[in-house]
Amino acid sequence: MVNAISLLSFHFSSWLKMLLILMTIFVMHIQCLQLSGQSIKDAIAEYRLLDVIDDNHLQGIEFIHADDGFPAYKFLPTADVKSPYRMLLPEKLQEFAIEVIYQPNSAKGGYLFSVVNPLDTIVQLGVHFSPVIKDTWNISLIYTPPENSHAQKKLVTYQLPYEPKKWTSIAFRILSDKVVFYYDCEIKETTMVVREPLEMIFDSASTLYLAQAGPILEGHYEVSATFAYIFYLIHLYICKK
């Protein structure tokens, strides 16, 4: 009888230890999932640039509809949409994507958007269209390190047809060593680049502008836009037609 009780006690003790081990593993697994979930959440962050538009920025903007029926904003030369960048964008960007669906209303070109330094003299990050020449224009991705206070830098430049009556999707995937450019959801160019530094850190007093680059650089762009995002989800980037 005593042996039976001892044997039962031994089995119970062993079972209890096994249960504690399993519970510990389970808790550790849950913690790993939570940490991974936080990492994934950061990785899939998206920033809708058109959210800058509010009741204080309606001058020079008309409300229209794109071909798909979704609402869009038409920026006139008198539009002045701006915001402290930190109200919408993160402090820094490393690998990310930019996508814009737009329709040009002028052949003069200009900035689709820009993040400009506190002095309004250098575009740190932005997309710029040159004036049209012979039915083509150049689109450039501006990427200027914050320590460069003398001249802004074009990371890549591509030539596009000028199609004033067409809604067009353009996108850049900015990776550590290359830029992939999409035109109407098709890969048009892949360019190897050197980004120094690899991480873009914005000045805390930088300003985000839409359809311009501020009072000094100007670059007002007469354009209609229905979709303008910066994504962190570069490895699952989906171009939306």
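Tyr85 is a good place to start: with a relative accessible area of 4%, this residue is buried, where buried means under 20% relative accessible area, exposed over 50% and partly exposed in between, using a 1.4 Å probe and protein chains only. Before going further, note that this is a predicted model, in which local features need pLDDT of at least 70 and side-chain atom pairs count only at pLDDT 80 or more, while totals for chains, interfaces and linings use all residues. Residues are numbered from 1 along each chain as its sequence is written, and side-chain values use heavy atoms, with hydrogens and water left out.

Let's zoom out for a moment. The chain has 241 residues, and 44% of them count as buried. Its secondary structure comes to 2 helices and 16 strands; these are DSSP runs numbered from the N terminus, with helices being H or I over at least four residues and strands being E over at least two. Take the contacts with a separation of 6 or more, and 65% of them turn out to be between residues 24 or more positions apart; a contact here means heavy atoms within 4.5 Å. As for the outside, the chain exposes about 13,600 Å², with carbon and sulfur atoms supplying 59% of that area, as worked out by the Shrake-Rupley method with a 1.4 Å probe.

Now for the rings. The structure holds 10 aromatic pairs, counted when rings of Phe, Tyr and Trp (its six-membered ring) have centres within 6.5 Å; planes under 30 degrees apart are stacked, over 60 edge-to-face, and the rest tilted. Tyr85 belongs to one of them: its ring centre lies 5.1 Å from that of Phe202 and the planes meet at 55°, so this pair is tilted. The two partners come from distant parts of the chain, 117 residues apart, with Tyr85 in the loop between β4 (81–84) and β5 (92–93) and Phe202 in the loop between β14 (200–201) and β15 (207–210). Phe202 is buried too, at 4% relative accessibility.

Another pair joins Trp137 and Tyr221, and this one is edge-to-face, with 6.1 Å from centre to centre and 70° between the planes. Here, too, distant parts of the chain are linked: Trp137 sits in strand β9 (residues 136–143), while Tyr221 is 84 residues away in the loop between α2 (214–217) and β16 (223–231). Trp137 is buried at a relative accessible area of 2%, and Tyr221 is buried at 1%. Both belong to a cluster in which ring pairs also link Tyr102, Phe129 and Tyr162.

Strand β9 leads us to a sheet. Six strands form an open sheet in the order β4-β15-β7-β8-β9-β10, with antiparallel pairing; two strands pair if DSSP finds at least two bridges between them. β4 and β10 (154–161) are the edge strands, each pairing on one side only. At the β4 edge, 4 bridges join that strand to β15, and Val81 stands opposite Leu210 in β15.

Finally, look at two backbone oddities. Asp120 has a positive phi of about 60° although it is not a glycine, and its place is in the loop between β7 (110–116) and β8 (123–129). Glu218 also has a positive phi without being a glycine, about 55° this time, in the loop between α2 and β16. Asp120 is buried at 13% relative accessible area, whereas Glu218, at 46%, counts as partly exposed.
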